[in-house]
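Trainee: Please show me the model, and let us discuss its packing through questions and answers.
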Amino acid sequence: MSIVNNLFPKIFSLLSLGFIISLSIIVLKNSRKLVNKLFFSLTLILDLWVFGSFMMFGSIFDYQIIFWDRFIYAAVVFWPALQYHFSLAVTHFNNKRRYLLILAYTLTPIFLIISQSNQFVSGVFRYKWGAHTYAHSLHHYYLAFFALSSLLFFYNLIKKYRAETDRLERKRTLYYIFGFIVLDFIGGSAFLPAYQIPFYPIFLATPLIFSLIIAYAITYFGLMDIKLIMRRYFVYILSLFSVLAPTYICLYYVEIFYPGWLFFFSLLLFILSLVFFLNVKNYFYRFSNKYFFSSLYDFNELIYSLNNRLRASLDIGQIFQSTMGLLGQAFHSKAIAIINYSPRLKFWTIVYNQDFIFAKGRISLNYQTLSELFVSGRPLALSDLEKSNLKATRGLFLYFKNLNAELIVPIKIKEKQLSSLMIFGPKESGESYNAKDIRVLESVASEIGLSLENALLYQSVTRFNVKLKDEVDKATKQLQEQNETLKKLDQAKTEFIGIASHQLRTPLTGIRWFTELLLKNNEKNLSAKQLDFLDQVSASNQRMIRLVNDLLDVSHIETGRKFDIIKSEFRLAEVIDEVLKENIFLISTKGLKIQNNLPQDLSIFADREKIKQVWQNLISNATKYSGDKTTITITLNPDKNKGLNIFGVQDQGIGIPKDQQAQIFNKFFRASNASLKHSDGTGLGLYIAREIIRAHGGEMWFESTEGQGTDFLFSLPIASKSIPISAEKTIIPKQTVKANKTNKPKQ
Amino acid sequence: MAKKILIIEDDLILAKALRASLEEEKFEVIEAHDGFEGLEAAEKNLPDLILCDISMPKMDGLTMLEKMRQTDWGQKLSVIMLTNFSDEEKISLALKHSVFRYLVKSDWDLSQIIEEVKKEFAS
C-alpha cells in the first residue's frame with residue numbers, strides 16, 4: 001500500500017513535471033504568437049505547481065510545508081488571469097472582454113500579496129496521502145476568482161466551438177476544452193485538502209494528462225503551429241533513447257561480469273553509438289513522418305521546391321516525374337498517379353503511376369463528365385463524389401473506388417481546359433486528406449497546369465521551328481543555286497558585251513575611215529547627192545560607235561571595275577563649249593536658246609573626258625527632248641557647307657512621267673514619251689553618267705514635271721587639286737604627261 | 001626628207017586607210033601586220049614614228065613595245081598606240097612604255113590622227 005500511498009504521487013508528479021517542462025520548452029521555441037506565449041506562461045505555472053507539490057509532499061516539518069504551499073500559490077495566483085487571457089487569444093477580443101481581462105490582471109498582484117499572509121493559508125492539515133495548509137477567509141475570494149475565470153474560459157471556448165464551421169478549428173477548440181477541463185476540474189481537486197477534505201492527490205497527474213492531450217492535438221491538428229519542432233524533439237529523444245538504452249544495458253552487465261573491460265567497452269560503445277546515431281535518427285525521422293506527421297509539410301517549402309523543379313523543365317514527362325515524387329514525399333500517400341487526356345487521340349493515358357493497380361486496356365473515364373465535374377478546379381475527395389449520387393458521376397465513383405483512390409485533383413490548362421488528373425490513394429497513416437492538404441494540392445495543380453501549358457507551347461514552337469528551318473534551308477539552297485546560275489549568266493553576258501563591242505569597233509573604224517576618205521572627194525567625181533548619202537552613212541556609223549562605247553562602259557561597270565578616274569585641272573567652260581558645238585545641229589534647227597550661267601573662268605579638277613561625257617549626255621538629252629524655241633539653262637549652285645558644286649541642265653521639254661521617274665537611271669530604261677520622240681537612244685547614257693559622277697564622289701538626281709521640263713542636277717566635290725586621289729594610279733613618264741587624256745579627239 | 005612612219009596593224013583594211021591618208025600627207029609609210037614583223041621592221045628602218053595596234057596575232061602590240069624598249073635602238077622611238085581597246089588597264093600598260101599617245105581608233109577620224117602625228121613631229 002505504501003507504493004500507492006507514497007510512491008505513486010511522487011512518480012506522477014515527477015512524470016508530470018518532466019512532460020510539462022518539455023511542453024513549455026517546445027512552446028517556447030515558437031513563441032512569436034500570443035497564443036504560444038500565453039500557453040508557455042500557463043505551462044510554466046504548472047511546472048512551478050507540480051514542483052512545489054512534489055517538494056511539499058516530501059516535507060516533514062510544518063514550516064517547510066507552509067513554505068512550499070505559499071511557493072505554489074505565488075505561481076497559481078496568475079492562473080485565472082492568464083487562463084482567461086488565453087481563452088480570448090484563441091477566440092476573439094472585444095471591449096467587454098478587455099475590461100474583464102484588465103480587471104483580472106489588476107486582481108492578480110493583489111492576490112499575490114495576500115497569498116503570502118496568514119489570512120490566506122496557515123497551519124498544516126495532514127491526511128493519509130499528504131499534507132496541505134489550511135485555507136482562511138481570503139482564500140475563499142481567490143477560489144471564487146479562480147472559479148469565475150474557469151467558467152468564463154469554458155464559456156468562451158464552448159461558444160466558439162458551437163459557432164465554428166471549420167472542421168479542423170472545431171477539433172482544436174475541443175482539445176483545448178478537454179485539456180483545461182482536466183486541469184481545472186481534476187487539478188482543482190488540489191484545493192480540497194485546504195478545506196480539510198482528504199482526497200487522493202490525483203491532481204498531480206493532471207499536467208501529465210494535459211500535456212499528452214495537447215501534444216496529441218498539436219501533432220494531429222496543428223494545434224499551435226509547432227509541429228515541426230515537436231517532430232524534431234520526438235525524433236531526437238527517441239533516437240537518443242534507442243541508442244543510449246542498449247548501451248547502458250550493455251555497460252551494466254559488463255560492469256557486473258567483466259569490470260576490467262569497462263573502459264574498453266565504454267569506448268567501443270561510444271564509437272558505435274556515434275556511428276549508429278545518424279542512421280537511427282533518419283529511421284525515426286521517416287517513421288515519424290509516415291505515421292505521426294503525414295500531413296506535416298512546410299507549405300512554402302513545398303511550393304518553392306515545386307516551382308524550382310517546374311521551372312527547370314519544359315519536358316512534360318519530367319514535369320510529372322519530379323512533381324509527383326515531391327508530392328509523394330509530402331503526403332505519404334499509399335499510391336499516386338497522373339493520367340493525361342489527349343484531345344487529339346481522345347483517350348486517357350497513364351503518365352505517372354506509383355502503386356495504383358490500373359485495369360488493363362483503356363481508361364474508361366468520360367472526359368465530358370469529368371470536365372463538368374471539375375469545372376470549379378477544386379480537388380474532389382472520393383467521399384464527396386459518393387455523396388453527389390448523380391447517375392453520371394456514379395460510374396466515375398465506381399472507377400476510382402475500384403482503383404482505391406481517395407482524392408482526385410484536376411490539372412487544367414488554358415484556364416479551363418481539363419488536361420490531367422492527379423489521383424491520390426489513402427495516406428499511410430490512415431488519416432484522411434485535410435482542408436490544408438486540399439488547398440495545397442489545388443495550388444500545386446494550378447502551378448503544374450501553367451508548366452504544362454508552357455511545355456506544350458514550347459513543344460509546338462519547337463516543332464514549328466524545325467519545320468520552318470527545313471523550309472528556310474530548302475529555300476536558301478534553291479536561292480543559292482539560282483543565284484549562282486544568275487551570276488554565271490550575268491558574267492557571261494558582260495563578257496559577251498565586252499568582246500562583242502570590241503570586235504565591233506574594228507569594222508566600224510573601217511567604215512568610218514573609208515567614208516571619210518570618200519567624203520574628201522579627192523577625185524572630184526562624186527555628186528552632191530552621193531556626198532549627202534555618204535554623210536548619212538557617216539552619221540549612222542558615228543551613232544553605232546557611240547552605242548558600242550556605251551555598251552563597253554556598261555560592261556566595264558558591271559564587271560565591278562570602277563572607272564579609273566584620271567584627274568586633271570581644266571576649264572569647264574571649254575568642255576561645255578565643245579559639247580555645245582557637237583550638238584549645234586539640233587540646237588540651231590530647233591532654235592533653242594542656251595542660257596549658260598557658269599562662270600567662264602571656273603576650273604575643276606576631274607577626269608576631263610568623263611566629265612565631258614556627262615555633259616554631252618545631259619545636253620544632248622536636253623536638246624533632244626526640248627520643244628522648239630525653248631531655253632536650256634546651265635546652272636551652278638555651290639554648297640559651301642558640304643564642299644560641293646551642284647551643276648544643273650534645265651530644259652523646258654517633255655519631262656519624265658511620274659510613274660517612270662524611279663527607273664530613269666536604270667540601264668536600258670527609256671521613258672515611254674522619250675522613245676516616242678527619239679528612237680535612237682540606248683537607255684545607257686544616264687546610267688553611265690551617274691556612275692561617272694559617283695566615281696568622282698558626287699551624286700546625280702533630277703527634278704521633273706511631265707510636260708513642263710526636267711532639271712538634271714549633279715554634285716561634284718570642290719576638290720583641291722593638291723590631292724589627286726586617283727591620279728597616282730597613272731604612272732606616266734614626264735615627257736608623256738600631256739598624252740593621258742587624249743584618247744578621244746575634239747570634234 | 002620625208003618622215004618615216006611604221007604602221008603595225010593586223011587589219012589590212014584599216015592599214016590601207018591609214019597608209020592612204022598618211023601618204024597623201026607625203027609621209028613615207030612602212031607596214032607590218034603583227035608584233036614580230038613590226039619589231040623587225042622597226043629595227044631595220046628605225047622609223048620617226050610608230051603607229052601600233054595592240055590586239056594582233058603572233059605577238060601583241062604591248063609585248064612588242066616591251067621588247068623594243070629593251071633594245072638600244074628602240075628606246076627612244078616615238079610611238080602612238082592606235083587600238084580599239086579602251087580599258088584603263090591597257091592604257092596604263094602602254095603608258096608605262098613611254099608611249100606618246102594612246103588613241104581609240106573608232107573615236108578618231110583619219111584627219112584627226114594626221115593632226116596628232118603632225119603635233120608629234122612639231123614637238
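The exchange below concerns nonpolar cores and one helix.

Mentor: This is a predicted model, in which local features need pLDDT of at least 70 and side-chain atom pairs count only at pLDDT 80 or more, while totals for chains, interfaces and linings use all residues. Residues are numbered from 1 along each chain as its sequence is written, and chains are lettered from A and ligands numbered from 1 in the order in which they are written.

Trainee: Which element gives the most to the largest nonpolar core?
Mentor: A nonpolar core is a set of buried Ala, Val, Leu, Ile, Met, Phe, Trp, Tyr and Cys residues joined through C-beta atoms within 7 Å; buried means 20 or more other C-beta atoms within 10 Å of a residue's own, all placed from the backbone. The core has 49 residues, of which Ile45(A), Val50(A) and Val76(A) touch the most other members. Helices (DSSP runs of H or I, at least four residues, numbered from the N terminus) giving two or more residues include H1 (2-29) and H2 (34-57) of chain A. With nine residues, the greatest contribution is that of H2(A).

Trainee: How many residues does the second, separate core have?
Mentor: Val554(A), Val579(A), Trp615(A) and Val649(A) are included in this second core. Its number of residues is 41.

Trainee: What arc do the buried residues of H5(B) cover around the axis?
Mentor: The buried residues of H5(B) are Leu110(B), Ile113(B), Glu116(B) and Val117(B). They lie on the same side of H5(B) because their arc, taken from the directions from the helix axis to the C-beta atoms, is only 115 degrees.

Note on methods:
A residue is buried if 20 or more other C-beta atoms lie within 10 Å of its own, exposed if 12 or fewer, and partly exposed in between; C-beta atoms are placed from the backbone.
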